[in-house]
Amino acid sequence: MTAPGKNLRIDADRLWDALMEMAKIGPGVAGGNNRQSLTDADNEGRKLFQAWCEAAGMSMGVDAMGNMFMTRPGTDPDALPVYVGSHLDTQPTGGKYDGVLGVLGALELVRTLNDLNIRTKRPIVVTNWTNEEGTRFAPAMLASGVFAGVHDLDWAYERKDAEGRTVGDELKRIGWVGEEEVGARKMHAMFELHIEQGPILEAEGKDIGVVTHGQGLWWLEVTVTGKESHTGSTPMPMRRNAGLGMARMTELVHEIAMKHQPRAVGAIGHCDVHPNSRNVIPGKVVFTVDFRSPDRETLDAMKAEFEARVPGIAEDLGLTATVEAVGHFDPVTFDETCVKAVRNAAEKLGYSHMDIISGAGHDACWVNKVAPTAMIMCPCVDGLSHNEAEEITREWAQAGADVLLHAVLEAAEIVD
């Protein structure tokens with residue numbers, strides 16, 4: 001195998017142009033994107049990605065969860081492929097780079113190899129995972145979870161959005177139910193490029209984050225039930241205010257996370273207030289709790305304390321409350337050999353880098369259960385993500401894709 005020279009780089013302008021072109025699909029209201037999973041916009045983005053990949057000489061496979069696998073052949077038909085990619089779906093008020101950089105950076109990797117007529121022993125498979133965000137259909141990383149055997153396919157198909165539409169029906173509606181069995185593919189390795197979604201790399205002045213671990217998480221859905229009544233005519237001592245219950249539980253989440261610093265976070269995310277009228281005391285509130293930590297014992301301890309203290313808060317206010325776990329994954333330790341390939345690439349290319357723990361969940365976290373996996377991160381401005389103001393620089397995108405290129409080539413093996 002010939003090792004690629006440090007002058008081998010991706011075409012930064014072409015990558016940036018692809019990012020901007022994809023961002024035209026499912027535009028948000030404030031400069032970002034709303035391309036939620038299995039919507040018409042998602043379908044349009046998938047078709048554009050497919051067209052680009054096929055123009056680059058790749059062939060497409062699709063599994064029963066709609067995961068897209070675009071293959072560049074290797075010289076050894078028996079060699080396990082190297083997978084590389086992320087996701088094209090976004091938050092309702094998402095940015096132009098979260099997930100998309102990883103998919104289009106992988107495409108740019110293949111385009112660069114084509115430009116230079118570089119062949120690899122192992123096939124390279126550019127991947128778009130379905131429903132990574134989990135914002136329309138919980139939980140997050142749903143399709144990669146099915147791939148890794150964490151979720152059952154039928155269970156995944158039954159997940160519903162706020163309007164009652166199911167994953168299975170929406171996959172059929174937009175035409176992305178593939179024939180492949182989910183998880184049947186075997187991988188030599190997988191690499192995922194992603195923006196950091198946090199402020200550390202920018203604050204430290206580093207070009208590249210070498211991701212060694214990923215935080216685990218518990219997503220809890222809490223239903224607080226009280227009694228709807230008129231705001232103006234119900235005396236304060238006689239109220240059963242579900243909104244007040246949520247407020248007290250919000251404070252509890254913050255208290256618990258602060259107890260476990262510095263390796264823990266927690267917050268309330270989504271909430272539905274019923275009947276959501278300005279002059280009616282809420283009779284029911286449904287909201288989500290997000291606890292995260294890279295330490296399994298800390299993660300489980302936060303969940304256990306919250307579950308133990310919620311009934312007392314509810315009882316004090318004349319309410320009832322239930323807590324249901326709706327999403328979970330354990331902390332992740334990424335593959336040592338793959339992580340080393342990322343670190344080697346950053347060092348060879350002269351990019352400043354540091355080891356980092358991913359604060360967010362990613363498809364690589366699930367795939368790591370069934371194949372050697374690693375992640376590469378680039379900075380994002382002010383650490384802002386899941387926000388239409390999410391921004392990166394062209395130079396950060398190039399650095400991440402350059403490191404991705406060299407790490408993948410180390411795993412896929414250049415043919416002399």
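These legends accompany several close-up views of the structure, which is a predicted model.

**View 1. The aromatic pair formed by F69 and W129 is edge-to-face.** Of the aromatic pairs in this structure, which number seven, this view takes the one between F69 and W129, whose rings lie 5.8 Å apart from centre to centre, with 90 degrees between their planes. F69 belongs to strand β2, which covers residues 68-72, while W129 is in the loop between β4 (124-128) and α4 (142-147), so the pair ties together parts of the chain that are 60 residues apart in sequence. Both of these residues, F69 and W129, are buried.

**View 2. F69 also pairs with F147, and this aromatic pair is tilted.** Here the centres of the two rings are 6.2 Å apart and the angle between the planes is 45 degrees, a value that counts as tilted because it is neither under 30 degrees, as in a stacked pair, nor over 60 degrees, as in an edge-to-face pair. Since F69 lies in strand β2 and F147 in helix α4, the pair ties together parts that are 78 residues apart in sequence. F69 and F147 are both buried. Taken as a group, F69, Y83, W129 and F147 form one aromatic cluster.

**View 3. The loop between β4 and α4 holds N131 and P139.** The peptide bond that joins A138 to P139 is cis, and its omega is about 5 degrees. N131, although it is a residue other than glycine, has a positive phi, with a value near 55 degrees. The relative accessibility of N131 is 2%, so this residue counts as buried. W129, which was described in the first view, is also placed in the loop between β4 and α4.

**View 4. R46 and K303 each lie over a tryptophan ring, R46 over W176 and K303 over W218.** In the case of R46, the distance to the centre of the W176 ring is 5.2 Å, with the arginine lying over the face of the tryptophan. In the case of K303, the charged end of the side chain sits over the ring of W218, at 4.5 Å from the centre of that ring.

**View 5. Domain 1 and domain 2 meet in a contact that takes nine residues from domain 1 and twelve residues from domain 2.** According to the domain assignment, domain 1 consists of residues 10-212 + 331-413, and domain 2 of residues 215-327. The centres of domain 1 and domain 2, taken over C-alpha atoms, are separated by 33 Å. Between them the two domains bury about 740 Å², of which 63% is on carbon and sulfur atoms. On the side of domain 1, the residues P331, I357 and G359 supply 56% of the area that this domain buries against domain 2, more than any other three residues. The rule for salt bridges finds zero of them across the interface of domain 1 and domain 2.

**View 6. P275 and H386 are found in loops elsewhere in the chain.** The peptide bond from H274 to P275 is cis, with an omega near 5 degrees, and P275 is found in the loop between β9 (265-274) and β10 (280-281). H386, for its part, lies in the loop between β15 (373-378) and α12 (394-412), and has a positive phi of about 55 degrees even though it is not a glycine. With a relative accessible area of 40%, H386 is partly exposed.

Notes. Residues numbered from 1 in each chain as written. Predicted model: local features only at pLDDT ≥ 70, side-chain atom pairs only at ≥ 80, totals over all residues. Heavy atoms only, no water. Phe/Tyr/Trp six-rings, centres within 6.5 Å; stacked < 30°, edge-to-face > 60°. Helix = DSSP H or I, 4+ residues; strand = E, 2+ residues; numbered from the N terminus. Buried < 20%, exposed > 50% of the residue type's maximum accessible area, 1.4 Å probe, protein only. Lys NZ or Arg CZ within 6 Å of the ring centre and 35° of its normal. Domains from an automatic or database assignment. Contact = heavy atoms within 4.5 Å. Buried area = accessible area lost by both parts, 1.4 Å probe. Salt bridge = Lys/Arg side-chain N within 4 Å of Asp/Glu carboxyl O.
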